[in-house]
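Reader: Could you pick one part of this protein and go through it slowly with me? After that, I'd like to hear about the side chains elsewhere and the overall picture, all in one go if you can.

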Amino acid sequence: MRITGTLVLDCGHGLTSPCDDDPGDLDDVRGHLNQEIHPIYSIDVINSPFRPEDANLTARQNLTGAWAGEDGSTYYIRQIGNTVWWLGQMRDRQPMQGRTHFPIIGAEQLAPAFSAGDPPCSNVTRQCWAFATVFAGTVTGTTDGGETIQGVWAGVPQSVSAGSSGSRANFIVNPQHKMIIPQVEGTIFPVLTKMYEPDDTTPPKSAITATPVKSSGMGGPRGAVGGVGVSGPNQVTITATDQGGSGVQNIWYRFYAQGAVPAFSVAQGATVSFTLPGGSFRVEFFATDNAGNDEALHSVVVGVPLAKP
C-alpha cells in the first residue's frame with residue numbers, strides 16, 4: 001500500500017491568528033465555525049511483484065498498469081505493441097501560491113512550466129492550479145533487456161487553470177521493467193515505479209472466415225481463405241476470444257494485394273467485418289485484450305486472382 005498526502009486541520013480562513021492556543025481568542029479552533037480536515041490524497045494498493053519483498057522479481061515486459069511518481073503523483077499507462085500512452089495526475093488539493101512557491105505534491109516538476117509561462121501563472125495569490133499530463137510515445141528494446149521511450153507530452157487542466165503545450169520527452173525503462181526514468185533531469189516527469197499490472201497475461205485468439213458475396217441471379221462465386229476457390233468478392237469476418245479473463249479490447253487488421261502495405265486499422269470489440277472485392281488479398285490481423293496482451297500476427301490469403309477475360 002502507498003499513501004500520499006497528509007491529514008491537515010484548516011481553520012480561521014483570513015484571520016490573523018487562526019488555530020492558536022490562546023483561550024481568549026475567538027478565531028481559534030474553538031471559536032471559529034469554518035473548520036476543515038483535509039484527508040490523505042490517495043491510497044494505492046500495490047500487488048506482486050512490486051512489494052519491497054519482491055525486489056528480485058521482474059515485472060512483465062508490457063508496461064500497462066499503474067505507476068507511482070516519486071513526487072506522490074500517479075500515472076496510468078497503457079501499452080499496445082510498441083506504442084505507449086499515459087495519463088499522469090498530480091495530487092494537489094489547493095491552488096499554487098503565486099509564481100515562485102509551489103507547495104503541493106508534484107511542485108518540483110511543475111515549477112519549470114509555470115516559470116516559463118506555459119501555462120501562465122498569475123502573481124495574484126491562489127491563481128495557479130496543477131495540471132495533469134498526457135503522453136504518447138514509442139517503445140524500443142535495448143541490449144540490456146530494458147527499453148527506451150520517445151514521445152511527446154501535453155498538459156491538460158485538472159481544475160480551473162489552463163493546460164500546457166508540452167514538448168518532447170525521452171525515458172529509460174530498467175531491465176526489470178519496474179522503473180521509468182526521465183533521460184534528462186529537471187523535466188516535468190518524476191521517476192516512475194510500477195505498482196500494479198493486470199493479472200491477465202494470456203493473449204487472446206482470433207480466427208478469420210470468408211463468405212462469398214452472391215450476385216443477384218448468378219449464385220455468386222466461391223471465395224476461400226488460403227488462396228483456394230474462384231475469384232470474387234468476399235465478406236470477411238475476424239472474431240477474437242479472450243483467454244485470460246480481461247476481455248478483448250480491439251482487433252487490428254489490414255489487407256492488400258500488391259504494392260505498398262497499408263497501416264493497420266483498428267476495430268473496437270471482439271469482431272470486425274469488411275468486404276473484399278474480387279481478386280487475391282493478403283489479410284493480416286491480431287487481437288489485443290484489456291490487459292495489454294497482443295496476439296501473434298496472423299497472415300492469410302483470401303480469394304485467387306481474377307480470371308482473364
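Author: Two strands pair if DSSP finds at least two bridges between them. Keep that in mind for the part I've picked, which is a sheet, and remember that what you're looking at is a predicted model.

The sheet is an open one made of 3 strands, and they run in the order β13-β14-β17 with antiparallel pairing. On the edges sit β13 (205-212) and β17 (271-276), each of which has a pairing partner on one side only. Going from one strand to the next, the twist averages 20 degrees. Now zoom in on where β14 meets β17. Strand β14 covers residues 234-241, and its antiparallel pairing with β17 runs over 6 bridges. If you want a spot to put your finger on, try Thr-237, which stands opposite Ser-273 in β17.

On to the aromatic side chains. Rings pair if their centres lie within 6.5 Å, and that gives 14 aromatic pairs. Take Tyr-75 and Trp-86: their ring centres are 6.2 Å apart and the planes stand at 90 degrees, so this pair counts as edge-to-face. The two come from distant parts of the chain, with Tyr-75 in strand β6 (residues 74-80) and Trp-86 in strand β7 (residues 83-89), 11 residues apart. Tyr-75 and Trp-86 are both buried.

Then have a look at Phe-135 and Phe-171. Here the centres are 5.4 Å apart with the planes at 90 degrees, so this pair is edge-to-face too. It also links distant parts of the chain: Phe-135 belongs to strand β8 (residues 131-141), Phe-171 to strand β10 (residues 164-173), and they are 36 residues apart. Phe-135 and Phe-171 are buried as well. Both pairs belong to one aromatic cluster, formed by Tyr-75, Trp-86, Phe-135, Trp-153, Phe-171 and Phe-189.

What about charges? You'll find 4 salt bridges in the structure. Arg-51 takes part in a network of them with Glu-53 and Asp-54. From Arg-51 to Glu-53 the N to O distance is 3.6 Å, while from Arg-51 to Asp-54 it is 2.7 Å. The members of this network sit at various levels of exposure. Glu-53 has 57% relative accessibility, so it counts as exposed. Arg-51, at 34%, counts as partly exposed. Asp-54 comes to 4%, so it counts as buried. Another salt bridge joins the side chains of Lys-194 and Glu-197, at 2.9 Å from N to O. There, both Lys-194 and Glu-197 are buried.

Finally, step back to the whole protein. Its secondary structure comes to 1 helix and 19 strands. Of the 309 residues, 41% are buried. Among contacts with a separation of 6 or more, 58% are between residues 24 or more positions apart; the Phe-135 and Phe-171 pair, at 36 residues apart, shows you that kind of spacing. As for the outside, the accessible surface comes to about 16,100 Å², and carbon and sulfur atoms account for 56% of it.

Note on methods:
Residues numbered from 1 in each chain as written. Predicted model: local features only at pLDDT ≥ 70, side-chain atom pairs only at ≥ 80, totals over all residues. Heavy atoms only, no water. Phe/Tyr/Trp six-rings, centres within 6.5 Å; stacked < 30°, edge-to-face > 60°. Helix = DSSP H or I, 4+ residues; strand = E, 2+ residues; numbered from the N terminus. Buried < 20%, exposed > 50% of the residue type's maximum accessible area, 1.4 Å probe, protein only. Contact = heavy atoms within 4.5 Å. Areas by Shrake-Rupley, 256 points an atom, 1.4 Å probe, with all protein chains shown as cover. Axes fitted to C-alpha atoms, helices over the stretch in contact; angles between N-to-C directions.
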